[in-house]
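Here is a briefing on one chain and its bound ligand. Read it with the sequence and the 3D view side by side.

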Amino acid sequence: MLELVQQGAPDPMFTLKKIADADNDPRKVDLGVGVYRNEDGRYQELEVVRRAKKILDGLDLGHDYASTTGDEEFLRLGAAVLFGENCEALISGRVSSVQTISGTGANSLGASLIASTVPSTKVYIGLPTWGNHVPIFQHAGLEVVTYDYLDSTRHAVDFENLLDNVREAPLGSVFVLQGCCHNPTGVDLSPQQWGELAQELSTYNQVAFIDIAYQGLGDGLAEDATGLRTLADAGLEMLVCQSFSKNFALYGERCGALHVVSQKSWLAEIVKDQLRSIIRKTYSSSPAYGSRLVKIVLSDQSLRTLWLKKNRQNLLSHIDAHHIPGDWSYLVSERGLFSCLQLTPAQCRTLVDHHHVHLPENGRINIAGLSEENIERAAKALKSVVCL
Ligand code: PLP
């Protein structure tokens, strides 16, 4: 039998990573895989994760099996990050949440749910997209229909084309959309377009499948969820794939969730039970380590404030409080984990040599390295080099 096995489809990102990892040239710049790196090009752990690990260590929770659908408190906190605490669908019990093997697992589980419920469902995917979308839905046995997501002449979403597809697709089709920070184009729908899309999806009875792998790395946690919250508020049936790989830098821990929004709470119970059944026969339960860390952070107010974007706002507030001259507003308009402080190489060297504030000469700082404990010291040091 095994002589009949065929080679798997090549994975361009995997090949790229292998070549980059094997390249020992000091001039190497690895811009391939979507992982935040520190100044040495290595993995960068978030300060908040470092702290959560210490707390987790003290809890000594052991390594028992996790339940099939996952840790309920982690799921409740994760759903609130996505939909917002006051989301009607959450409050009325219309959301079925289960833990998954990160975002990829959430996509795959969602595809399995669709395939096992209505196998003839057509899945609409705008191209270009994350390289795994089409294979995941095809692997689940579903028919994938592709259309152009991008109007490349304007470098904008080809929104009319998306709406045309929504109108022309058979009723009950699934539309796979990325919640924010579109991979690979970086081009997202505007809040207004999300509103129009919600209306059309509702009119044509289509199902939204939102993959959100970068919440918090765009404009902020709530802002990045605007699209999916608009669809949820419109009362649509939808599936949402949540990943904590990027926004917690927990890539290898495979931490995520699938949240399915039904139109009735009694349906949500059945959906959750079906998800339980699929998980049981595929991987039984999800890894516990990452979700324990995320739960610790999300349930602790001071750790939450340390998490991502808040650090930018925090630094700006401290800079304002110390009346440090200059326009620092770029700190909160930039995105992601890094920021380039507009300092001279000499100022950066002074920070390192005299203030133990370590940063390279180009001023690029890892925002996640700031904490409530060190931010005041960092701001004072900054003031002393700027006001020299
Ligand atoms: N969805 C998108 C759009 C992605 O870019 C990625 C990762 O690159 C994922 C999902 C899955 O990531 P993970 O399985 O690590 O959560």
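Domain bounds here come from an automatic or database domain assignment. On that basis, the chain has domain 1 (57-298) and domain 2 (308-386). The centres of the two domains, taken over C-alpha atoms, are 35 Å apart. The model is predicted.

**Overall build**

- The chain holds 17 helices and 11 strands.
- Its radius of gyration is 22 Å, close to the 21 Å that the globule rule gives for 388 residues, so the chain is as compact as a globular protein of that length.
- The C-alpha trace spans about 70 × 55 × 55 Å along its principal axes.

**The seven-stranded sheet**

- Seven strands make an open sheet with mixed pairing. Their order is β1-β9-β8-β7-β6-β2-β3.
- The edges belong to β1 (95-101) and β3. Each has a single partner strand, so one side of each is left without a neighbour in the sheet.
- From one strand to the next, the twist averages 20 degrees.
- In a regular strand, side chains alternate between the two faces of the sheet.

**Strand β2 and its two partners**

- Strand β2 (residues 122-127) runs parallel to strand β3 (residues 143-148), and six bridges join them.
- Strand β2 also runs parallel to strand β6 (residues 174-178), here with three bridges.
- Val-123 has a bridge partner on either strand: Val-144 in β3 and Val-174 in β6.
- Tyr-124 has Phe-175 as its bridge partner in β6.
- Leu-127 has Asp-148 as its bridge partner in β3.
- The link from β2 to β3 involves helix α6 (residues 133-139). Together, β2, α6 and β3 form a right-handed β-α-β unit.

**Backbone geometry to check**

- Leu-127 and Pro-128 are joined by a cis peptide bond, with omega about 0 degrees. Pro-128 sits in the loop between β2 and α6. Leu-127 is thus met twice: in this cis bond and in the bridge to Asp-148.
- A cis peptide bond also runs from Asn-183 to Pro-184, where omega is near 15 degrees. Pro-184 lies in the loop between β6 and α8 (191-203).
- Cys-181 is found in the loop between β6 and α8. Its phi is near 50 degrees, a positive value in a residue other than glycine.
- Which loop holds both Cys-181 and Pro-184? The loop between β6 and α8 does.

**Around the ligand**

- The shell around the ligand counts 13 residues. Ser-102, Gly-103, Thr-104, Ser-243 and Ser-245 come nearest.
- Which helix gives the largest share of the shell? Helix α5 (residues 102-117) does, with three residues.
- By class, the shell divides into nine polar residues, three nonpolar and one charged.

**Points to carry forward**

- For the fold, keep the open sheet of seven strands in view, along with the right-handed unit of β2, α6 and β3.
- For the backbone, keep the two cis bonds, Leu-127 to Pro-128 and Asn-183 to Pro-184, and the positive phi of Cys-181.
- For the ligand, keep the nearest residues, among them Ser-102 and Ser-243, and the part played in the shell by α5.

Conventions. Residues are numbered from 1 along each chain as its sequence is written. This is a predicted model: local features need pLDDT of at least 70, side-chain atom pairs count only at pLDDT 80 or more; totals for chains, interfaces and linings use all residues. A residue is near a molecule or strand if its C-beta atom, placed from the backbone, lies within 6 Å of it. Helices (H or I, at least four residues) and strands (E, at least two) are DSSP runs, numbered from the N terminus. Ala, Val, Leu, Ile, Met, Phe, Trp, Tyr, Cys and Pro count as nonpolar, Asp, Glu, Lys and Arg as charged, and the others, Gly among them, as polar. Two strands pair if DSSP finds at least two bridges between them. A crossover is right-handed if, with the strands pointing away from the viewer, the path from the first strand over the helix to the second runs clockwise. Axes are lines fitted to C-alpha atoms, for helices over the stretch in contact, and angles run from 0 to 180 degrees between N-to-C directions. The radius of gyration is taken over C-alpha atoms; the globule rule is 2.2 Å times the number of residues to the power 0.38.
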